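Opening the notebook on a new chain today. I want to know what is packed inside and what holds the outside together.

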Amino acid sequence: MVTTEVAVSTTRVLIVKLSSLGDLVHALPTIRCLREGLPASITWVVNAVYAPLLRYAADVDEVISFDRQRPLRGLWRVIRQLRRREFDLVIDLTGLFKSALISRLARGRLCLGPSDARELAWLFYHQQVGSKDLNRHAVERYLDVVRALQVKDGDRVFPLAFPSWVPAEDGKRPVVVLIPSARWHSKRWPAASFAELADRLRRDGVQVVLVGGELPSGEDPL
């Protein structure tokens with residue numbers, strides 16, 4: 001367990017959680033606990049494609065983008081930015097070689113990583129925290145670092161503050177947003193099912209909005 005003295009003195013925290021969309025959202029309760037319990041100023045390193053999302057995260061003070069399309073150049077740029085700052089605590093919530101390398105090169109006073117880290121990531125941490133039980137929900141796994149720092153484990157909140165928006169078509173009708181794809185086949189609902197759902201919603205007077213990134217290679221749009 002990390003000592004209370006370290007936790008109390010910590011004010012500037014770096015989070016390294018590069019992807020993916022759902023995992024970033026799952027990490028938000030941990031960020032809230034750190035921000036309120038230490039208290040902390042939060043900087044977050046994330047893959048560039050997800051940076052716009054974190055700019056709406058109420059508890060994140062600064063977002064630094066990592067260009068995964070140009071990994072060497074991206075790594076160099078991120079490290080240059082991080083070394084202009086002095087972090088009391090660096091937390092790798094990803095637990096892979098790349099995230100652990102970024103975490104250690106940030107030169108924080110204390111670098112923590114998960115106990116279930118892979119790809120030799122553990123070599124870069126000062127200390128590993130949490131249980132190796134992967135059967136728990138991701139939200140609970142990320143909160144292991146909060147418990148290790150002896151910070152209050154508060155309510156599970158997901159503070160994303162998006163600006164209000166109403167489609168121009170008709171502001172009086174209800175709106176349903178559909179996200180019709182995912183990176184992994186195992187996480188996808190068939191496109192035909194999304195199409196059927198969209199048709200039924202529109203027949204019921206609902207506005208349907210499709211959102212998401214680029215479709216996986218070879219997959220047809222709805």
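Before looking at burial, I fix my cut-off: a residue is buried when its relative accessible area is under 20%. I also keep in mind that this is a predicted model.

**Entry 1: strand β2**

With that cut-off I went through β2 and found 6 of its 7 residues buried, so I call the strand mostly covered. I then looked for its partner. β1 and β2 run parallel and are joined by 5 bridges. In that pairing I see arginine 12 standing opposite serine 41 of β2.

**Entry 2: valine 46**

I picked valine 46 because I wanted one residue of strand β2 to follow. Is valine 46 buried or exposed? Its relative accessibility is 0%, so it counts as buried. Which residues does valine 46 touch, leaving aside neighbours within four places in sequence? I listed Lys17, Leu18, Leu24, Ala51, Leu54, Val63, Ile64, Ser65 and Phe66. For one of these, valine 63, I checked the spacing: 17 residues from valine 46 in sequence, and 7.3 Å in space from C-alpha to C-alpha.

**Entry 3: the cores**

Next I looked up the largest nonpolar core, which has 35 residues. Val46 turns up again here: together with Val13, Ile15, Leu34, Trp44, Ile91 and Val145, it touches the most other members. I noted which elements supply at least two residues each, among them β1 (12-16), β2 (41-47), β4 (89-92) and β5 (110-114), along with helices such as α2 (21-37) and α7 (144-148). α2 gives the most, with 6 residues. Apart from this core I found another one of 20 residues, including Val16, Phe66, Ile102 and Tyr125.

**Entry 4: the chain overall**

I stepped back for the totals. The protein chain has 8 helices and 8 strands. Of its 222 residues, 40% count as buried. Of the contacts with a separation of 6 or more, 58% are between residues 24 or more positions apart. The chain exposes about 12,800 Å², and carbon and sulfur atoms supply 53% of that.

**Entry 5: a nonpolar patch**

On the surface I came across a nonpolar patch formed by Trp165, Val175, Val177, Ile179 and Val211, with about 460 Å² of accessible area together. I looked closer at valine 177, which is in strand β7 (residues 175-178). Its relative accessibility is 45%, so I log valine 177 as partly exposed.

**Entry 6: salt bridges**

How many salt bridges does the structure hold? I have 13. In one of them, the side chains of aspartate 61 and arginine 35 meet at 2.7 Å, N to O. This pair links distant parts of the chain, 26 residues apart: aspartate 61 is in the loop between α3 and β3 (62-66), arginine 35 in helix α2. Both ends are partly exposed, aspartate 61 with a relative accessible area of 42% and arginine 35 at 25%.

Arginine 147 kept me longer. Its side chain meets that of aspartate 144 at 2.8 Å. The two are 3 residues apart in helix α7, so about one helical turn separates them. Arginine 147 is partly exposed at 30%, whereas aspartate 144 is buried at 11%. Arginine 147 also meets aspartate 153, at 3.4 Å, and aspartate 153 is partly exposed at 31%. Following the shared partners, I end up with one network joining Arg136, Glu140, Asp144, Arg147, Asp153 and Arg156.

Definitions and conventions. Residues are numbered from 1 along each chain as its sequence is written. This is a predicted model: local features need pLDDT of at least 70, side-chain atom pairs count only at pLDDT 80 or more; totals for chains, interfaces and linings use all residues. Side-chain values use heavy atoms; hydrogens and water are left out. A nonpolar core is a set of buried Ala, Val, Leu, Ile, Met, Phe, Trp, Tyr and Cys residues joined through side-chain atoms within 4.5 Å. Buried means under 20% relative accessible area, exposed over 50%, partly exposed in between (1.4 Å probe, protein chains only). Helices (H or I, at least four residues) and strands (E, at least two) are DSSP runs, numbered from the N terminus. Contact means heavy atoms within 4.5 Å. Accessible areas come from the Shrake-Rupley method with a 1.4 Å probe; for residues, only the protein chains shown count as cover. Patches are made of residues with over 30% relative accessible area and no salt bridge: like charges are joined within 9 Å, nonpolar side chains (Val, Leu, Ile, Met, Phe, Trp, Tyr) within 5 Å. A salt bridge is a side-chain nitrogen of Lys or Arg within 4 Å of a carboxyl oxygen of Asp or Glu. Two strands pair if DSSP finds at least two bridges between them.
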